[in-house]
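Colleague: Got a minute? I'd like to go through this model with you.
Modeller: Sure, pull it up and ask away.

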Amino acid sequence: MTDTNAPAPEAVEAPPARAPITRLWGYARHHLRLLLIGGALSFAGGLVGLVQPLIAMDVIDTLANDESLTRPLLYLTAVVVIGGALGAVGPYLMQIAGQNVVLTVRKQLIDRLVRLQVAEVDRLKPGDLVSRLSSDTNLLRTVASTTVIGGVTDSFMILGGIGLMAWLDLTLFGTTMAMVAFVTVTMLFIMPRIQSATVDSQKALGDMGSLLERIFSAFRTVKASGAEDHEIGRLNAAATTARDKGVKASFWEALAGVVAFLPVNIAFLMVLGVGGARVASGAMDVGTLIGFLLLLFYLMGPINGLVASLSQLQTGLAAIHRVEEVANLDSEEPVAAERLTTREGPAQVAFENVTFRYADDLPFVHHGVTFASSGRGLTALVGPSGAGKTTVFSLIERFYPATTGSVKVDGVDVTEWPLQELRGVIGYVEQDAPVLDGTLRENLVMAAPDASDEDLDEVVKVARLTELVGKLPEGLDSRIGYRGTTLSGGERQRVAIARALLRKPRLLLLDEATSQLDAANEAALKQVMLDAAERTNVLVVAHRLSTVTSADQIVVFDAGLVRAVGTHAELVENDELYRDLAASQLLTAA
């Protein structure tokens, strides 16, 4: 007996939790060269700008001495031009690096999302996952490009400016530093609140996206039920919540800006007052005062930039937190291991005392299921709704692990198969026969990308899709719409069956494959199943008597147990439940 309460073998362990700033470094280090070049150019531009107040002092001294202004003006012009050029090229390079970082994050996130375990996706909201891939990753662009390096650059500019201030006049320097200390202490209080508010805001946006995705996934049902107003009300409520959360985040960001702006301007006025008094008393000359004021005025930019960088950093760390949540979800192995077997022909399936439930707080679906389907032939799974028939396919495909017991394919427990190889021998048609947006050809070759045109032609004929292909404007290359909306239910079902057959599976799983077909197409698809059963092992969840009567073996499920196994004639004679099912509408004759 296999206890699968331990981590399932197919799961890729989530990476150890790391601090968001460490995670950001992990994303950015692959583009470090471009970031450093851009940052160095921006830093050089800042240094050039820092020289401007000193040149301005030289201009004032030159005027006072009645000397020519040619030299200092040429210096000032050169500084402005060079500083402007560096200030344009540096940020541009960092923006390119930021876009590259976002691409790196999105590729990693896409790989993780597509490889998530089915159980994880079943409990999550698709709209929220889409939000993490789009808006959350976009928040990282500014953080990865300009925020960190820009913040470091601004910090050096501020430190350099403070050093020059101390060199020019210690009294005015002390006045300025009092304001800097106030800004620093206040920011330590505000920054964590910006991050928390941003996390809440992004979550609210994800919830709104999930509601919209929910509506579009059942759009016809919403309209047919006259539920537009109800759903609009829910969306509006979600949008209002997102607005409220966004306003809260904006409040803290605005407060950070005010905290940075007002003290610096107050310091400017105080320096002007104190410095004017010192000039009047002869303690300092007017050139020094003007240079100090220009220096303080110049530092407003780096100070505001540093505050903005810290605010954006909190936003980015919140986005990284949401991206990291996805990275920590359980996913499946990304690549195939060495082949487990080179066996050809029909695959064998065996359930040995299998119990299963979807979660620890949910009731058991299977209570000890045991049956086998060996070699070629058609095995039909029948029983009342909720008896656990479809769950059999989820366990074979390893979408979920059995709670206890063993599910074997070719005598090997499915947990010991390389996942890609296991699914490579199986063709699976889901109950709702999903069709993806794209062309008919793209849908058919999804599981067999190397299929030849001859293989496609054959499967189109076998699945009775010839008429459909003929009436589409571009044949197999015609687009069939989101979720195959241009196709009928029966056509979608035949497309799904053709897709499964195209990969020439050793085991074919059909979940109510004929439920949406009319009598003529059902008879045709029944023949397809019988033909396939001559070459491979076919398991079908059946609700129609015509399918069941042709089966080589029928497995009767009842309340999570296998009640009986046999042919149609044997079960009609020996099993009361099957006899009732065959006579009732649960198994409807064609």
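Colleague: How many bridges join β8 to strand β9, and do they run parallel or antiparallel?
Modeller: Keep in mind that this is a predicted model. Four bridges link β8 to β9, which covers residues 507-511, and the two run parallel.

Colleague: Which residue in β9 is the bridge partner of Ile426?
Modeller: Leu507 is the one that pairs with Ile426.

Colleague: What's the strand order in the sheet?
Modeller: Going across, β8-β9-β10-β5-β11-β12. That's six strands in an open sheet, with mixed pairing.

Colleague: And which strands stand at the edges?
Modeller: β8 (426-429) and β12 (561-566). Each has a single partner strand, so one side of each is left without a neighbour in the sheet. On average, neighbouring strands here are turned by 15° against each other, ignoring direction.

Colleague: Which strands does helix α19 lie across?
Modeller: Helix α19, residues 576-583, lies across β5 (377-382), β11 (553-558) and β12. Relative to β11 it runs at about 100°.

Colleague: Switching to packing: which residues touch the most other members of the largest nonpolar core?
Modeller: Leu444, Ile554 and Tyr578, out of 50 residues in that core. Helix α15 (residues 489-502) supplies the largest share, seven residues.

Colleague: What does Ile554 touch, leaving out residues up to four places away in sequence?
Modeller: Quite a list: Ala380, Val382, Val548, Ala564, Val565, Gly566, Thr567, His568, Leu571 and Tyr578. There's also a second, separate core of 30 residues, with Phe351, Phe371, Leu395 and Leu539 among them.

Colleague: Leu395 is in helix α10, right? How many of the helix's eight residues are buried?
Modeller: Yes, Leu395 is one of the buried residues of α10. Seven of the eight residues in that helix (389-396) are buried, so to speak mostly covered. The others on the buried list are Lys389, Thr391, Val392, Phe393, Ser394 and Ile396.

Colleague: What happens just after α10?
Modeller: Arg398 takes a positive phi there, about 65°.

Colleague: Zooming out, how many helices and strands does the chain have?
Modeller: 19 helices and twelve strands. Of its 590 residues, 47% count as buried.

Colleague: And what share of the contacts join residues at least 24 apart in sequence?
Modeller: 78%, among contacts between residues at least 6 apart.

Colleague: Last one: what does the accessible surface come to?
Modeller: About 28200 Å² for the chain, and 60% of that belongs to carbon and sulfur atoms.

Methods: Residues are numbered from 1 along each chain as its sequence is written. This is a predicted model: local features need pLDDT of at least 70, side-chain atom pairs count only at pLDDT 80 or more; totals for chains, interfaces and linings use all residues. Side-chain values use heavy atoms; hydrogens and water are left out. Two strands pair if DSSP finds at least two bridges between them. Axes are lines fitted to C-alpha atoms, for helices over the stretch in contact, and angles run from 0 to 180 degrees between N-to-C directions. Contact means heavy atoms within 4.5 Å. A nonpolar core is a set of buried Ala, Val, Leu, Ile, Met, Phe, Trp, Tyr and Cys residues joined through side-chain atoms within 4.5 Å. Buried means under 20% relative accessible area, exposed over 50%, partly exposed in between (1.4 Å probe, protein chains only). Accessible areas come from the Shrake-Rupley method with a 1.4 Å probe; for residues, only the protein chains shown count as cover.
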